[in-house]
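Colleague: Please take a close look at one part of this model, the protein surface that meets the nucleic acid. I would also like the backbone geometry that deserves a check.

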Amino acid sequence: MQSLIPQRLMEMYERLLSHFGPQFWWPAETPLEVMVGAILTQNTNWNNVEKAIINLKKNNHLTLKALSDLDFNDLAQEIRPAGYYNVKARRIKNLIRFIVDNFQGDFSLFLKEKTITLRENLLTVKGIGPETADSILLYALKRPVFVIDTYTHRILRHHNIISEEENYHSLQNLFIDNMPKDQCLFNEFHALIVQTGKTFCKKKPKCDDCPLYQW
DNA sequence: CACCAGGCAAGTA
DNA sequence: TACTTGCATGGT
């Protein structure tokens, strides 16, 4: 008997897209803004991230050079609304240093690196784990990788597609191996999953009106 | 008031 | 290897 996973995933995607419409991710003007936002949003509500981004923009600090030159404590204060500001300031500094050191601060060089190598290298940066690395690859560099987050786990678990002890990599492969490897599809799908999670799949699930009801 | 958000690293046994 | 804990603001 053949696997029904591809059809189920595609139906899930279509249901979510019909219900919510396109999400237009990532909400940022430049790749660098995506990358900084990817760190700021770690375990944090996007509303708080926006406040931090506004501060950075207000001071013209969303460039490689500005972030590179910016004093650590000043950076921490500007991103304060996003929470964990000392941790995140260090992580942003680590990411900026990674680009400056490995690509001579040349963004176009950074953009040319092969996806596999770039992912490996990003994961060596302290503060960049699998979700942040994949968010950068998908939303800043437009590479066809699938991003997994807590909502993805929660929703697929709730609908009995996966077991409790599924790890990041195997869950990521579930999508990659069972769907067209399309950057636009992966972009939209992950965004829709997050939107669904925020709306219906919190700790107290609101299953009424959820587009995945009886999916 | 308690709970949680688009994680990750470091510490412990 | 498998748990646990620290990080922190702002919305509901």
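Modeller: By class, the surface near DNA strand C has four nonpolar, four polar and two charged residues. Here, near is meant for a residue with a heavy atom within 4 Å of the strand. As for classes, Ala, Val, Leu, Ile, Met, Phe, Trp, Tyr, Cys and Pro count as nonpolar, Asp, Glu, Lys and Arg as charged, and the others, Gly among them, as polar. The model is predicted, and local features need pLDDT of at least 70, side-chain atom pairs count only at pLDDT 80 or more, while totals for chains, interfaces and linings use all residues. Residues are numbered from 1 along each chain as its sequence is written, chains are lettered from A and ligands numbered from 1 in the order in which they are written, and side-chain values use heavy atoms, with hydrogens and water left out.

The residues around DNA strand C are Asn43, Asn48, Lys51, Arg80, Pro81, Gly83, Tyr84, Tyr85, Asn86 and Val87. Of the strand's atoms that come within 4 Å of the protein, 52% belong to sugar and phosphate.

Three polar contacts (N or O atom pairs within 3.5 Å; within protein, one atom must be able to donate a hydrogen and the other to accept it, and residues adjacent in sequence count only if both atoms are side-chain atoms) can be described. Asparagine 48 places a polar side-chain atom 2.8 Å from a base oxygen of DNA strand C. Lysine 51 has a polar side-chain atom 3.2 Å from a phosphate oxygen of the strand. At valine 87, a polar backbone atom is 3.1 Å from a phosphate oxygen of DNA strand C. Two elements, helix 3 (46-58) and helix 6 (85-103), give two or more residues to this surface; helices are DSSP runs of H or I, at least four residues, and strands are runs of E, at least two, numbered from the N terminus. Helix 6 gives the most, with three residues.

Asparagine 43 also belongs to the residues around DNA strand C, and lies in the loop between helix 2 and helix 3. Asparagine 43 has a positive phi of about 50 degrees although it is not a glycine. With a relative accessible area of 68%, asparagine 43 is exposed; exposed means over 50%, buried under 20%, and partly exposed in between, with a 1.4 Å probe and protein chains only.

One further backbone feature is a cis peptide bond between tryptophan 25 and tryptophan 26, with omega of about -5 degrees. Tryptophan 26 sits in the loop between helix 1 (5-20) and helix 2 (31-40).
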